[in-house]
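Grab a coffee and work through these exercises with the viewer open. Each one has a task, then a solution in steps.

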Amino acid sequence: MSPRFSLTTPLYYVNALPHIGSAYTTIAADVVARFYRLQGYHVRFITGTDEHGQKIERTAQQRGLTPQDHCDEIAAGFEALWQQLHITYDRFSRTTSPRHHAIVREFFQRVWDNGDIYLGQQQGWYCVECEEFKEERELLEGQRCPIHVNRPVEWRDERNYFFRLSTYQDALLAYYATHPDFVQPRSRRNEVLSFIEQGLQDFSISRVNLDWGFPVPTDPEHTLYVWFDALLGYVTALLEPEQEPTLANALSTWWPINLHIIGKDILRFHAISWPAMLMSAGLPLPEQIFVHGFLTKNGQKMGKSLGNTLDPVALVQQYSADAVRYYFMKEVEFGRDGDFSETRFVNILNADLANDIGNLLNRTLKMAWKYTGGEVPAIDIHAIAPEHPLRQLAEHVSQSYGTAYRRLAFHEVCQLALGLARSGNKFLDEEAPWKRAKAGEMNAVAEILYCVLEAVRLLAYVLAPIIPHLSEAIYQQLGYSVNFNGSVIDSALLADSQAHWGVLPAGQPLSQPAPVFQKLSVLAPVPSDPN
Ligand SMILES: Nc1ncnc2c1ncn2[C@@H]1O[C@H](COP(=O)(O)OP(=O)(O)OP(=O)(O)O)[C@@H](O)[C@H]1O
Ligand SMILES: [Zn+2]
């Protein structure tokens, strides 16, 4: 029985089409899903859309559509982008589905039966974009939300149902104390802890004067707060299509989720509200929440509401999915903020993928056609000494890349692979097999070429979760016929068989050399806003 790994992206709010920020989180999650599949895990990768709430109701109204028609259109836009980016999700969870409604009702009932829901009066400043009440001290001048700086918050004074978050303050602190890795990176964990230590207030879980949402099961005059139902979308997604939508069914196989990947804007919901809700319902908590930074433009978070984003569809069409995936995984350390510049984007891809990796493969293959008959040089692999510089480095890479992926340190994985490519280039330049060939030293030529080709194979393997199509193309050039992109991983591609030194079979026929990654140039600037 294979081990299991379940992970989620946020369920994106359908107030507008996806932008590069949503793509960023989803690419990262896809990389993790692909990594675990290659390690032999049975993976459940969940993404989807969060479709209720005031912001959606208003947006649909402005567009002259019913909320459901609006949601259907935007959700389809998300799915289409995920196809283009080669995202291998297993479930697309939509919070307007009737099955989700059944799960939410049952969950609400558990929390209600536990005495954690009561009717009270809510007064405060509400950011419709965040769908969240804000503390007065958090607001910018002119009563503006710190995340949605162009939108004033709205004063609310309503009778709402509340969730007794304050009751869970000590339980949360105790949980954090015994689970030091629950929230990563550490700086985010500390942020959450200090927020909890300041004292938690109950939060309202219903709205009046809002139609677009599920009715509160015990009082249909009220509509459930969008966040209460959105987080449960992760649970609904665990149901098999033929299963009755009950909590017991949803939780039977894949719960608790191993990893929630989120942006820092929704940290408190995931790291405070969600665990408390789960405790109230008597359910185990997710294993880990990883919080990444913001993609920014001139220092400000790119977002649908601010309209300062980059259109991922245009970016993929212009430069390819693997290019976009590689750039964001390598250039923005996961957990930190990063600014996007198209010039930098093109420069990085050309330097790493076209030059360091692509050229290395291309020139080595040409020599293999010239000196070893278009075949992987037939050498005795075991005769390559452990101190051989490429073998040594390759062994280091194969021992460390898994840890880097498990820590979601994607930039480190890229650096490991690039290190191997750079050493391969240096090794070729120093060993100059073309000179050795002139001198008739054909055994030496064969060994040099073998080692470089094997280094390229290994780095392509290590990078496969990030640039699956490029890795597949490299493997094909090396004479394999493999599929890194199928829904089922061929057992020959599992890490046990591939993630070490000396795998390339001596004598394997190679393909004709052809550049695997064409050099890019900035053509026309990519449009800034998809909407
Ligand atoms: N600029 C960004 N950088 C990185 N991730 C982002 C960015 N914007 C959105 N995300 C991702 O999307 C999630 C939030 O989804 P949401 O649908 O609320 O998008 P949004 O664009 O932030 O919306 P809005 O601008 O209306 O707040 C974040 O937690 C993060 O995973
Ligand atoms: Zn806001």
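**Exercise 1: a loop glycine**

Does Gly299 count as buried or exposed, and at what relative accessibility?

Step 1. Some ground rules: this is a predicted model, where local features need pLDDT of at least 70, side-chain atom pairs count only at pLDDT 80 or more, and totals for chains, interfaces and linings use all residues. Residues are numbered from 1 along each chain as its sequence is written, chains are lettered from A and ligands numbered from 1 in the order in which they are written, and side-chain values use heavy atoms, with hydrogens and water left out.

Step 2. Apply the cut-offs: buried means under 20% relative accessible area, exposed over 50%, and partly exposed in between (1.4 Å probe, protein chains only). Gly299 has 58% relative accessibility, so it counts as exposed.

Step 3. Place Gly299 on the chain: it is in the loop between β14 (295–297) and β15 (300–301). Helices (H or I, at least four residues) and strands (E, at least two) are DSSP runs, numbered from the N terminus.

Step 4. Check a distance: from Gly299 to Arg189 you should get 23 Å, C-alpha to C-alpha, for two residues 110 apart in sequence.

**Exercise 2: the zinc site**

Find out which residues coordinate the zinc ion (ligand 2), and what geometry the site has.

Step 1. List the donors, meaning N, O and S atoms within 2.8 Å of the metal (3.2 Å for Na, K and Ca); water is not among the atoms, so sites may look incomplete. For the zinc ion (ligand 2) they are SG of Cys127, Cys130 and Cys145, plus ND1 of His148, at 2.1 to 2.4 Å.

Step 2. Check the angles. Four donors count as tetrahedral if all angles lie between 85 and 135 degrees. Here they run from 101 to 113°, and the site is tetrahedral.

Step 3. Read the spacing of the donor residues along the chain: C-x2-C-x14-C-x2-H. Cys127 is in strand β4 (residues 117–127) and His148 is in the loop between β5 (132–134) and β6 (154–163), so this pair ties together parts that are 21 residues apart in sequence. Cys127 and His148 are both buried.

**Exercise 3: the sheet**

Work out the strand order of the open four-stranded sheet.

Step 1. Recall that strands of a sheet pair through backbone hydrogen bonds, either parallel or antiparallel. For a pair to count, DSSP has to find at least two bridges between the strands.

Step 2. Trace the order: β5-β4-β6-β8, with antiparallel pairing. At the edges are β5 and β8 (203–204), each with a single partner strand, so one side of each has no neighbour in the sheet.

Step 3. Zoom in on β4 and β5: three bridges join these antiparallel strands. Trp125 has Lys134 of β5 as a bridge partner.

**Exercise 4: around ligand 1**

How many residues surround ligand 1, and which are the closest?

Step 1. Count residues with a heavy atom within 4 Å. You should get 22 around ligand 1, and the closest are His19, His148, Lys301, Met302 and Ser305.

Step 2. Look for polar partners. An oxygen atom of ligand 1 is 2.8 Å from a polar backbone atom of Tyr13, and an oxygen atom of the ligand is 3.2 Å from an N or O atom in the side chain of Asn15. A nitrogen atom of ligand 1 has a backbone N or O atom of Leu295 at 2.7 Å.

Step 3. Ask how covered ligand 1 is: taken alone it exposes 600 Å², and the protein buries 95% of that. Accessible areas come from the Shrake-Rupley method with a 1.4 Å probe; for residues, only the protein chains shown count as cover.

**Exercise 5: backbone oddities**

Which peptide bonds before Pro185 and Pro256 are cis or trans, and where is each proline?

Step 1. Keep the background in mind: most residues other than glycine have a negative phi, and most peptide bonds are trans.

Step 2. Gln184 and Pro185 are joined by a cis bond, with omega about -10°. Pro185 sits in the loop between β7 (183–184) and α6 (186–197).

Step 3. From Trp255 to Pro256 the bond is cis, with omega near -5°. Pro256 belongs to the loop between α8 (247–251) and β12 (259–263).

Methods. Tetrahedral: all angles 85-135°; square planar, octahedral: opposite > 155°, others 65-115°. Polar contact = N/O pair within 3.5 Å; in protein donor to acceptor, adjacent residues only side chain to side chain.
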